[in-house]
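Here are a few exercises to work through with the model open beside you. Try each task before you read its solution.

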Amino acid sequence: MNRIFQPRIWFLLVGIACAAMLAYALYVQHAEFLDPCPLCVFQRIAFMWIGAVSLLAAAHNPAVVGRWVYGSMLALGGIAGIGIAGRHVWLQSLPPDQVPDCGMGLNYMLETMPFGQVLSEVLYGSGECAEVDWLFLGLSMPAWTLLWYTGITVVTIIVLIAAQRTKV
């Protein structure tokens with residue numbers, strides 16, 4: 001099996017990739033002055049979860065059962081990220097007349113509403129989430145994060161299955 005796809009190396013690379021993506025998001029926010037919408041903030045949280053789990057798995061270097069525990073926790077974050085980014089991409093693809101109105105800011109919602117209601121409001125989306133302010137190779141930032149979440153989740157499962165078959 002290729003060295004890069006050994007579980008410990010893979011978890012380390014995923015953790016580094018998540019840190020790099022979060023660093024870039026902070027750069028875009030603070031240097032390019034592109035403030036994140038609430039869905040973007042939730043996507044960052046999913047990357048933080050995946051990155052933290054991955055770095056813990058790389059540091060711990062568990063045996064088979066532990067790998068699957070870490071892999072499951074990583075996949076949970078990946079699936080949440082896929083859902084959030086998918087919703088964001090969908091909002092961005094809506095015709096202008098179907099875009100929801102802009103809502104309250106995330107900080108205000110967190111201060112005044114119970115968390116369940118905040119989660120519901122954020123996932124419903126708002127007009128600011130439908131704006132496409134950044135493109136790379138024709139894809140918006142949420143589309144790129146959707147690809148990253150999907151790739152990380154799928155390849156992690158493949159790496160764990162391959163490692164189990166080869167007894168690594």
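**Exercise 1. Find out what share of the chain's contacts between residues at least 6 apart in sequence joins residues at least 24 apart.**

Start with the criterion: a contact means heavy atoms within 4.5 Å. Next, keep the pairs at least 6 apart in sequence; 80% of these join residues at least 24 apart.

A word on the ground rules: this is a predicted model, where local features need pLDDT of at least 70 and side-chain atom pairs count only at pLDDT 80 or more, while totals for chains, interfaces and linings use all residues. Numbering runs from 1 along each chain as its sequence is written, and side-chain values use heavy atoms, with hydrogens and water left out.

**Exercise 2. Lay out the order of helices and strands, then see where confidence is highest and lowest.**

Step one: count seven helices and two strands, taken as DSSP runs numbered from the N terminus (helices H or I, at least four residues; strands E, at least two). Step two: read along the sequence to get α-α-α-α-α-α-β-β-α. Step three: bring in pLDDT, the predictor's confidence in each residue from 0 to 100. The chain averages 83, and 79% of the residues score at least 70. Among the elements, helix α1 (residues 7-30) has the highest mean, 94, and helix α6 (residues 127-130) the lowest, 62.

**Exercise 3. Describe the largest pocket and its lining.**

First, the method: on a 1 Å grid over the protein atoms alone, a pocket is an open set of points where a 1.4 Å probe fits, with protein on both sides within 12 Å along at least five of seven lines; lining residues have an atom within 4 Å of a point. The largest pocket has a volume of about 610 Å³, counted as the space filled by probe spheres set on the points. Of its 27 lining residues, C40, W134, M141, P142 and T145 are the closest to the centre. Then look at who contributes: α1, α2 (38-60), α3 (64-93) and α7 (141-166) each give two or more residues. Finally, sort by class: 17 nonpolar (Ala, Val, Leu, Ile, Met, Phe, Trp, Tyr, Cys, Pro), five charged (Asp, Glu, Lys, Arg) and five polar (the others, Gly among them).

**Exercise 4. Place F33 and L137: are they buried or exposed?**

F33 sits in the loop between α1 and α2, with phi near 60 degrees, a positive value in a non-glycine residue. L137 is in the loop between β1 (135-136) and β2 (139-140), and its phi, near 55 degrees, is positive too. Now apply the cut-offs: buried is under 20% relative accessible area, exposed over 50% (1.4 Å probe, protein chains only). F33 counts as exposed because its relative accessibility is 68%; L137, at 69%, is exposed.
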